[in-house]
Structure formats: C-alpha cells, structure tokens
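Subject: Structure handover

Hello,

Here is the structure I said I would pass on. My notes on it follow below.

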Amino acid sequence: MNRVNSVTKEDYVDKAERIMKYLCRVITTSKIRDLMAQVNELYNDIILESAEILDEKYVEAIKHLRVKMIYDAGRDRQERLSRDEMNNPKLVNGKLSYFFNETGLLDMVTKIGNSRKAFLEYCRYFEALVAYHKFYGGK
C-alpha cells in the first residue's frame, strides 16, 4: 500500500482511485460523508473568495477542521473492531486513523495554510475519495 503524501491537480483522481480500492471497506459511507460535509461547509464560503491568500477566519476554520478530524479519529479508536480487524496491526489505532494516514488527509490539511489554491485542491481530492468510495462499494 502506498501512502499518499501530497496531490496535484494532475494526479489527485488517480491517487484517490488507487487508495480507495483497498480503503473503501475501512471507512463507512456515513463517516466519509460526514467528513466531506465539514469540508464542503468551508468550500462553499472559500470558493466565493477571489483572493489567493485566505482571510484569517478561513485559516482558523481550516485549523479547526483538523481538530475535528483528530477528535473523530480518537473517538473511532474506542469503537469495537471485528475479530478480523483486531488481528490487523494496521488498525491498532482505529480505522479512521488508518484512513487518515493512508490518504494523507490530516497532513494535507495542515499544509493548506492560507492558500486558497491548496484548499481547493484538497477539496477536489477529498471529493474524489468519496466518489471512489462509492464506486468500489464502501460500506
């Protein structure tokens, strides 16, 4: 498995497809859609901005998005795993932590900073992950 560290507008779709082929069964549809809803909330505001440098309120909201993701991963660690999942060392910190590590979503959200372009690329990648989750029959 190849962990994703970064994406570009040229490769984000291919990377999302490759990673969701094996991660589609790790994260539930409701969880990935919940995460996407949080991202879309920001997207709907930021897409209307014309400046490449994001206003401080958006930078803070992106930082808070990361906090929410970390919190969700912590909550997920407390959920019960099936017998097969318990035997999988990759899931020792929970399914959501594994998902974030493999997709690179937490690292990428940290690197957005105040860049509108970086945020929009992040959104496109996230949307591609959701699409391939659905395509490959995520649970």
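Which residues does His-133 touch, not counting residues up to four places away in sequence? They are Met-20, Cys-24, Ile-27, Thr-28, Thr-29, Ile-32, Gly-138 and Lys-139. Please keep in mind that this is a predicted model.

His-133 itself sits in helix α7, which covers residues 116–135. With a relative accessible area of 2%, His-133 is buried, because anything under 20% counts as such. One of the residues in the list above, Ile-27, also takes part through its backbone: the backbone oxygen of Ile-27 is 2.8 Å from a polar atom of the His-133 side chain.

The chain as a whole

The protein chain contains seven helices and zero strands. Read from the N terminus, the order of elements is therefore simply α-α-α-α-α-α-α. The radius of gyration of the chain is 15 Å, close to the 14 Å that the globule rule gives for 139 residues, so the chain is as compact as a globular protein of that length. Along the principal axes, the C-alpha atoms fill a box of roughly 50 × 30 × 25 Å.

Of the 139 residues, 43% count as buried. The accessible surface of the chain is about 8200 Å², and carbon and sulfur atoms hold 48% of that surface. Among contacts with a separation of 6 or more, 74% are between residues 24 or more positions apart. As for charge, the chain has 24 positive and 21 negative charges, and the mean positions of the two sets lie 6 Å apart.

Helix α5 and what lies around it

How many of the nine residues of α5 are buried? Eight of them are, and the helix is mostly covered. The buried residues are Lys-95, Leu-96, Ser-97, Tyr-98, Phe-99, Phe-100, Glu-102 and Thr-103. After α5 comes Gly-104, with a positive phi near 80°.

Ser-97 is a residue of α5 and has a relative accessible area of 15%, which makes it buried. Leaving out residues up to four places away in sequence, Ser-97 touches Ala-73, Asp-76 and Arg-77. The C-alpha atoms of Ser-97 and Arg-77 are 7.9 Å apart in space, with their positions 20 residues apart in sequence. The side chain of Ser-97 also has a polar atom 3.3 Å from the backbone oxygen of Asn-93.

Arg-77 comes up again with Leu-91. Leu-91 is placed in the loop between α4 (83–86) and α5 (95–103). Is Leu-91 buried or exposed? Leu-91 is buried, at a relative accessible area of 5%. Its C-alpha atom is separated by 8.9 Å from that of Arg-77, and the two residues are 14 apart along the chain.

The loop before α7

Ser-115 lies in the loop between α6 (105–111) and α7. Apart from neighbours within four places in sequence, Ser-115 is in contact with Glu-52 and Leu-54. With Glu-52 there is a polar contact of 3.1 Å between the two side chains. A polar atom of the Ser-115 side chain is also 3.0 Å from the backbone nitrogen of Ala-118.

An exposed residue in α2

Arg-33 belongs to helix α2, residues 29–46. At 53% relative accessibility Arg-33 counts as exposed, because the cut-off for that class is over 50%. Arg-33 and Glu-127 are 94 residues apart in sequence, and their C-alpha atoms are 9.6 Å apart in space.

To look through the model in order, I would suggest beginning with His-133, which is buried in α7, and then going to Ser-97 in α5. After that come Ser-115, in the loop between α6 and α7, and Arg-33 in α2.

Regards

Key
Residues are numbered from 1 along each chain as its sequence is written. This is a predicted model: local features need pLDDT of at least 70, side-chain atom pairs count only at pLDDT 80 or more; totals for chains, interfaces and linings use all residues. Side-chain values use heavy atoms; hydrogens and water are left out. Helices (H or I, at least four residues) and strands (E, at least two) are DSSP runs, numbered from the N terminus. Buried means under 20% relative accessible area, exposed over 50%, partly exposed in between (1.4 Å probe, protein chains only). A polar contact is a pair of N or O atoms within 3.5 Å; within protein, one must be able to donate a hydrogen and the other to accept it, and residues adjacent in sequence count only if both atoms are side-chain atoms. Contact means heavy atoms within 4.5 Å. The radius of gyration is taken over C-alpha atoms; the globule rule is 2.2 Å times the number of residues to the power 0.38. Accessible areas come from the Shrake-Rupley method with a 1.4 Å probe; for residues, only the protein chains shown count as cover. Lys and Arg count as positive and Asp and Glu as negative; His and the chain ends are not counted. The place of a charge is taken as NZ of Lys, CZ of Arg, CG of Asp or CD of Glu.
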